[in-house]
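Here are a few exercises to work through with the viewer open. Try each task yourself before reading its solution.

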Amino acid sequence: KRHEVHLLMAAANPGDPDKIENWPKYEELIAHFDPSKAVTCRTDEVRQLTQDIVRCLYTTGNYTDALNRANEALRTWSAESGEDNRYVLVMNRLKTQILRGLARYKESFAITTDVMARMQDVLGEDHEETLILMNGHCVDFRVLGQFKESLDFTKKTLERHRAVFGPEHPRTLVAMNNLAEDHELNGEYAEARNLNQQVHGEKTRFYSDDDPTVLYTVNALARTIREQGNYREALAKAEQAYEGYQEVIGEKLLTEAHPWILQQMVDLAVARRAAGQVSSGLTLARSAYDRYLSAFGRDHTATLASAVCLAHAERDCGDLAAAEKRLAEALSGYQSVLGADHPYTMCCQVDLAVVHRRQGNAESA
């Protein structure tokens, strides 16, 4: 009887857990998943359901639940089917994404290195899952501060995505997003903006303007416009993304603590400050930092970045003492998490030096 329940749930799997319209169905399935002990089922369709549930939890920002379910599945499946089983490999790939979301980069890097070699041998270099894993590997380079290496790697990954999936496939668009971010990190803002505009154009052919994935790209586009120095245009675009996300929150599609929501708040706070709206920028930066702190803890790299954003706003509003204290704490966090030589750490040092100089402490600056 239990196995019959497993098969019924698998038959009800809507597939494509990245699609918003499928999330309510996954919520229903999750409610029955644990009591039925579906994770112990060896049937391919049920294992696929397990993977899709983990993916849905990750996409909706429930990283801890996603990681717990991924670990439980890996313990069971690895013992039964071995490390080279397709479902074990794919669940490990999902685990690397979740670990990156939780800023557990060393663990993610170790798993990625091992699983990528296994996937290439077992599934092939151009298999969908191998390419998805490669697409996330650029983040590992960024964490090491190797921005040029990440750019080169992502260019090659995008070429393979286009060859295997086609230029308009959602997986290819994700690879384009990653390449745009790499261009940003290397100071190539025009290239980043051009890519984001292409991605936005493709996404709006398939999704509505208020779809979270479209809003994600609107925000990325706003950021690259700002980085080119077009502050008013960037602010208008960032406000558009913010308003869209507020509607998404109101419809309970994403929570206020979803990583995309929080990142957009930080980007909008910067855009407001750059356009001269320092007071409203400070208010939003403080709200974003508080949410990051509550959701991810003090030493998560995204929390540290939001702390720096808040410190900039405090500095521009004249509260140099608060900015100095916050930047000193962020610097300590970056040194601990990313190391003393990482570009983010050194940027934070420069920010702290600027505050010291404004305080009249030229020697410490």
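The exercises below concern a predicted model.

**Exercise 1. Helix packing**

Work out how helices H4 and H5 are oriented relative to each other, and describe the contact between them.

*Solution.*
- Start with the geometry: H4 covers residues 63-81 and H5 covers residues 86-101, and the two pack at an angle of about 155 degrees with their axes 9 Å apart.
- Next, apply the cut-off: angles over 145 degrees count as roughly antiparallel, and H4 and H5 are therefore roughly antiparallel to each other.
- The handedness of the H4 and H5 crossing is left-handed.
- Now look at the side of H4 that faces its partner: residues including Ala70, Ala73, Leu74 and Trp77 meet a set in H5 that includes Met91, Lys95 and Ile98.
- Finally, sort the residues of this contact by type: 12 are nonpolar, 4 polar and 1 charged.

**Exercise 2. The nonpolar cores**

Find the residues with the most contacts inside the largest nonpolar core, then look for another core apart from it.

*Solution.*
- The largest nonpolar core has 88 residues, and Met91 and Ile98 have the most contacts inside it.
- Follow Met91 outwards: leaving aside neighbours within four places in sequence, Met91 is in contact with Thr50, Gln51, Val54, Ala70, Ala73, Leu74 and Trp77.
- Another core, of 9 residues, lies apart from the largest one, and Leu151, Leu158, Ala175 and Val199 are among its members.

**Exercise 3. Two histidines**

Decide for histidine 6 and for histidine 32 whether each is buried or exposed.

*Solution.*
- Locate them: histidine 6 is in helix H1 (residues 2-11), while histidine 32 is in helix H2 (residues 23-36).
- Check the separation: they are 26 residues apart in sequence, and their C-alpha atoms are 9.4 Å apart in space.
- Histidine 6 has a relative accessible area of 4%, so it is buried.
- Histidine 32 counts as exposed because its relative accessibility is 51%, and the cut-off for exposed is over 50%.
- To see the surroundings of histidine 6, set aside residues up to four places away in sequence: histidine 6 touches Ser36, Lys37, Ala38, Cys41 and Val46.

**Exercise 4. After a helix**

Place glutamine 359 in the model and list its contacts beyond its sequence neighbours.

*Solution.*
- Glutamine 359 is in the segment after helix H17 (343-358).
- With a relative accessible area of 27%, glutamine 359 is partly exposed.
- Leaving aside neighbours within four places in sequence, glutamine 359 is in contact with Leu320, Ala321 and Glu324.
- For leucine 320, the separation from glutamine 359 is 39 residues in sequence and 7.0 Å in space, C-alpha to C-alpha.

Key. Residues numbered from 1 in each chain as written. Predicted model: local features only at pLDDT ≥ 70, side-chain atom pairs only at ≥ 80, totals over all residues. Heavy atoms only, no water. Core = buried A, V, L, I, M, F, W, Y, C linked by side-chain atoms within 4.5 Å. Buried < 20%, exposed > 50% of the residue type's maximum accessible area, 1.4 Å probe, protein only. Contact = heavy atoms within 4.5 Å. Axes fitted to C-alpha atoms, helices over the stretch in contact; angles between N-to-C directions. Helix = DSSP H or I, 4+ residues; strand = E, 2+ residues; numbered from the N terminus. Parallel < 35°, antiparallel > 145°, perpendicular 65-115°, else oblique. Left-handed = near helix turned anticlockwise from the far one by under 90°. Nonpolar A, V, L, I, M, F, W, Y, C, P; charged D, E, K, R; others polar.
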